[in-house]
Amino acid sequence: LMADTITYDSTEIDEMTDQAAGHTVLGSRITRDQVRSVTFLDTLENIPSSAWDVSASGNGSVMAWATLNEGLYDLFIAGEGGVSAGATCESLFAGYSNLERIEFGEAFHTEGVESMYSMFLGCGKLEKVDVSGLDTSAVTRMNLMFAYCGSMTRLDLSTFDTARVERMNHMFYYCKNLQGLDISSFETGKVTNMKSM
C-alpha cells in the first residue's frame with residue numbers, strides 16, 4: 001500500500017458535514033437538512049405542477065419536486081427511464097442530516113460514475129440504504145462515502161465492484177452503530193489509501 005497525502009481530521013470532517021447541510025437542494029430554496037426522504041422514479045407521468053427542471057441540459061428530462069410532511073420534505077427526482085448520475089456522485093446526499101430513507105429502485109443509474117466521494121457524508125439519521133443497484137465499476141474514489149452515518153446499523157456492499165477504486169480512506173468513519181458490514185466482493189489491488197476506513 002503506497003502512502004497517500006490526502007488525510008482528514010475529525011474537525012475538518014465536521015466542518016464539511018455542517019457546510020453541506022446548509023446547501024440548497026437542486027436549485028430550490030430547500031436546504032439539505034430539511035429533507036426526510038428521497039425517491040427516484042423512472043417516469044415523468046403525473047408529475048405535479050410544482051416540479052422544477054433539474055436536468056443537466058435544461059430540457060425537462062429530469063424533474064424534481066418536494067412535498068412538506070411534518071416539517072420536513074419528501075423529495076422526488078424523476079426521469080423517463082430513470083435518472084443518470086453523470087460522471088460523479090460526489091457529495092450527492094452529503095449533509096442530508098435528517099434523511100431517513102432513500103429509494104433508488106431501478107431508477108438511478110450510475111454507469112460511468114468515477115467518484116462517490118462523500119456521497120452519503122453526514123446522513124446521520126439514515127439507518128439503512130439499499131445500494132445494490134449502484135454500478136461502481138468505473139469508480140476510483142469512495143473516500144468519506146458513508147462517513148458520519150452514525151445511525152446506520154447494516155450495510156451490504158457485496159454487489160460493489162471496487163476493482164478501480166484508489167481511495168477508501170474514512171469510508172465508514174464514525175459509523176458508530178454499524179453492526180453488519182458486507183464487503184465480501186471488495187478488490188483492493190489499486191487502493192492507495194485506507195486511512196481511518
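## Exercises: pairs, cores and pockets

Let's warm up with Glu90, a residue with 37% relative accessibility, which counts as partly exposed. Here buried means under 20% relative accessible area, exposed means over 50%, and partly exposed lies in between (1.4 Å probe, protein chains only).

The model is predicted, so local features need pLDDT of at least 70 and side-chain atom pairs pLDDT 80 or more, while totals for chains, interfaces and linings use all residues. Residues are numbered from 1 along each chain as its sequence is written, and side-chain values use heavy atoms, with hydrogens and water left out.

### Exercise 1: salt bridges

**Task.** Find out which residue forms a salt bridge with Arg36, and which one forms a salt bridge with Arg141.

**Solution.**

Step 1. Begin with the idea: side chains of opposite charge can pair when their charged atoms come close. A salt bridge needs a side-chain nitrogen of Lys or Arg within 4 Å of a carboxyl oxygen of Asp or Glu.

Step 2. Look at Arg36: its partner is Asp74, and the closest N and O atoms are 3.3 Å apart. Arg36 belongs to strand E1 (residues 35–41) and Asp74 to strand E4 (residues 72–79), so this pair ties together parts 38 residues apart in sequence. Strands (E, at least two residues) and helices (H or I, at least four) are DSSP runs, numbered from the N terminus.

Step 3. Check the surroundings of the pair. Arg36 is buried at 16% relative accessible area, and Asp74 is buried too, at 9%.

Step 4. Turn to Arg141, whose partner is Glu90, again with closest N and O atoms 3.3 Å apart. These two link distant parts of the chain, 51 residues apart: Arg141 sits in the loop between strand E7 (108–109) and strand E8 (154–156), and Glu90 in the loop between strand E5 (83–84) and strand E6 (101–103).

Step 5. Add another pair: Glu103 bridges to Arg101, with the closest N and O atoms 3.9 Å apart. Finally, salt bridges that share partners join Arg36, Glu70 and Asp74 into one network. The total count is 4 salt bridges.

### Exercise 2: the nonpolar cores

**Task.** In the largest nonpolar core, which residues touch the most other members?

**Solution.**

Step 1. Count the members: there are 43 residues, and Val38, Phe93, Phe120, Val129 and Phe146 touch the most other members. Three elements give two or more residues to this core, namely E1, strand E3 (62–69) and E4. E1 contributes the most, with 3 residues.

Step 2. Recall what a core is: a set of buried Ala, Val, Leu, Ile, Met, Phe, Trp, Tyr and Cys residues joined through side-chain atoms within 4.5 Å.

Step 3. Zoom in on Phe120. Setting aside neighbours within four places in sequence, its contacts (heavy atoms within 4.5 Å) include Phe93, Ile102, Phe104 and Val129. A second, separate core has 8 residues, among them Ile13, Ala94, Tyr117 and Tyr148.

### Exercise 3: the pockets

**Task.** What are the volumes of the largest pocket and the second largest pocket?

**Solution.**

Step 1. Define the space. On a 1 Å grid over the protein atoms alone, a pocket is an open set of points where a 1.4 Å probe fits, with protein on both sides within 12 Å along at least five of seven lines; lining residues have an atom within 4 Å of a point. Grid points are joined across faces, edges and corners, and the volume is the space filled by probe spheres set on them.

Step 2. Take the largest pocket, with a volume of about 420 Å³. It has 22 lining residues, and Leu26, Val54, Val83, Ser84 and Leu92 lie nearest its centre.

Step 3. Take the second largest pocket, with about 190 Å³. Its lining has 13 residues, with Ile102, Glu103, Phe104, Val129 and Asp130 closest to the centre.

Step 4. Look closer at Leu92, which lies in the loop between E5 and E6. Leu92 is partly exposed at 28% relative accessibility. Not counting residues up to four places away in sequence, Leu92 touches Arg32, Phe108 and Met119.

### Exercise 4: the sign of phi

**Task.** Is phi of Ser118 positive or negative?

**Solution.**

Step 1. Know the usual pattern: most residues other than glycine have a negative phi.

Step 2. Read the angle: phi of Ser118 is near 50°, a positive value. Ser118 lies in the loop between E7 and E8 and is buried at 2% relative accessible area.

Step 3. Try His170 as well: its phi is positive, about 60°. His170 lies in the loop between E8 and strand E9 (180–182), and it is buried, with a relative accessible area of 0%.
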